Amino acid sequence: MKTSFILNVAEYIRDAILDHESELESLDRAIGDGDHYINMKRGASAIVEMRAELESLTPDAALNKIGMKLLSTIGGASGPLLASFFMSMGKTLKEKADDGAISYAAAFADGVKAIQQRGKAGLGEKTMLDVLIPVAQQFLTLTASHTNTKEICASLIHTAEQGMLSTKALIATKGRAASLGERAIGHIDPGAKSCQLMIEAVCKQRLLIQD
Ligand code: ADP
Ligand code: MG
């Protein structure tokens, strides 16, 4: 992984968040407090603005710094959760030899585990984890079987979409929406939507790179 890839992805992610302003805002207004778009925009913009500072760092150090920045810029529940994702991903990348997609899948899975530990949540609780857990599993499976990059990207985009849509039928047992009981049914979880958008942005950027 190159740091330039991470920096390009950060711009893609920021753009994807900005493009979905009304959707993210209304999802969090329906089952939360309406600040999820603003939180994500603030975090993504702060990372894009760090380009010069991150450029000279190794990928693991850049991911760690991104995590620390998110901790101080994104408010709400999602800030510390996403921060621990990036910091844990950086830690795994540092510890493992870079053997391409296999090590990225391991780092991604460790990042998702860190979110689970921090938020004390799992699958089916109507959170971002309903996107991240299935994507992490699928990423590990596909890289272990040496699937090519194009197929991995297409599959992860699809898995993320399915996970995001699955939150619609669920009752929330974590986060603000947990107090709504059955009234949360019929609404997609905002954190699941923003994670799906971020995964799509990473995969699309990856497809532009020949390897
Ligand atoms: P807040 O809920 O504090 O207003 P945000 O609106 O930025 O923060 O983020 C809300 C999102 O955070 C939810 O849609 C959900 O996906 C995610 N979330 C909340 N609590 C948890 C948790 N314990 N584990 C995983 N994700 C969570
Ligand atoms: Mg909110």
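Q: In this predicted model, what makes the approach of Asp28 to ligand 1 a polar contact?
A: An oxygen atom of ligand 1 sits 3.2 Å from an N or O atom in the side chain of Asp28. The cut-off for such a pair is within 3.5 Å, so this one qualifies. Asp33 has a polar side-chain atom 3.0 Å from an oxygen atom of ligand 1, and the side chain of Asp35 brings an N or O atom to 3.0 Å from a ligand 1 oxygen.

Q: How much of ligand 1 does the protein bury?
A: Taken alone, ligand 1 exposes 560 Å², and the protein buries 92% of that. Around ligand 1 there are 20 residues, with Asn39, Ala77, Ser78, Arg176 and Asp189 the closest.

Q: What makes Asp28, Asp33 and Asp35 donors to the magnesium ion (ligand 2)?
A: Their OD atoms coordinate the ion at 2.0 to 2.3 Å. A donor has to be within 2.8 Å of this metal, so these atoms meet the rule. Along the chain, the donors of the magnesium ion follow the spacing D-x4-D-x1-D.

Q: Why is Asp28 called buried, and why is Asp35 called partly exposed?
A: Buried means under 20% relative accessible area, and partly exposed lies between that and 50%. Asp28 has 7%, so the word for it is buried. Asp35 has 25%, so partly exposed is the right label there.

Q: How do you know that the length of helix H10 agrees with its residue count?
A: Helix H10 covers residues 190-207, which is 18 residues. At 1.5 Å a residue they should span 26 Å, and the end C-alpha atoms are 26 Å apart, so the two agree.

Q: What caps the N-terminal end of H10, and why is H10 called largely enclosed?
A: The cap is Asp189, with a side-chain oxygen 3.2 Å from the backbone nitrogen of Gly191. As for enclosure, 15 of the 18 residues of H10 are buried, so the rest of the structure largely encloses this helix.

Q: Why is no disulfide counted between Cys203 and Cys153?
A: A disulfide needs two cysteine sulfur atoms within 2.5 Å. The sulfur of Cys203 is 4.6 Å from that of Cys153, its closest cysteine sulfur, so the pair is too far apart for a bond. The disulfide count for the model is 0. Cys195 is in no disulfide either, as the nearest cysteine sulfur, that of Cys203, is 13 Å away. Cys195 is buried at 3% relative accessibility, and Cys203 is buried at 5%.

Q: What makes the phi angles of Lys126 and His146 worth a look?
A: Each is a positive value in a residue other than glycine: near 60 degrees for Lys126 and near 55 degrees for His146. Lys126 is in the loop between helix H7 (101-119) and helix H8 (129-144), while His146 is in the loop between H8 and helix H9 (149-166).

Q: Is Lys126 buried or exposed, and is His146 buried or exposed?
A: Lys126 has 1% relative accessibility, so it counts as buried. His146 has 65%, and the exposed class starts over 50%, so His146 counts as exposed.

Q: Why is Asp60 called buried?
A: Its relative accessible area is 18%, and buried means under 20%, so Asp60 falls in that class. Asp60 lies in helix H5 (residues 59-73). The C-alpha atoms of Asp60 and Thr92 are separated by 8.1 Å, with the two residues 32 residues apart along the chain.

Methods
Residues numbered from 1 in each chain as written. Chains lettered and ligands numbered in written order. Predicted model: local features only at pLDDT ≥ 70, side-chain atom pairs only at ≥ 80, totals over all residues. Heavy atoms only, no water. Helix = DSSP H or I, 4+ residues; strand = E, 2+ residues; numbered from the N terminus. Expected span 1.5 Å × (residues − 1). Buried < 20%, exposed > 50% of the residue type's maximum accessible area, 1.4 Å probe, protein only. Polar contact = N/O pair within 3.5 Å; in protein donor to acceptor, adjacent residues only side chain to side chain. Donors = N, O, S within 2.8 Å, 3.2 Å for Na, K, Ca; no water. Near = heavy atom within 4 Å. Areas by Shrake-Rupley, 256 points an atom, 1.4 Å probe, with all protein chains shown as cover.
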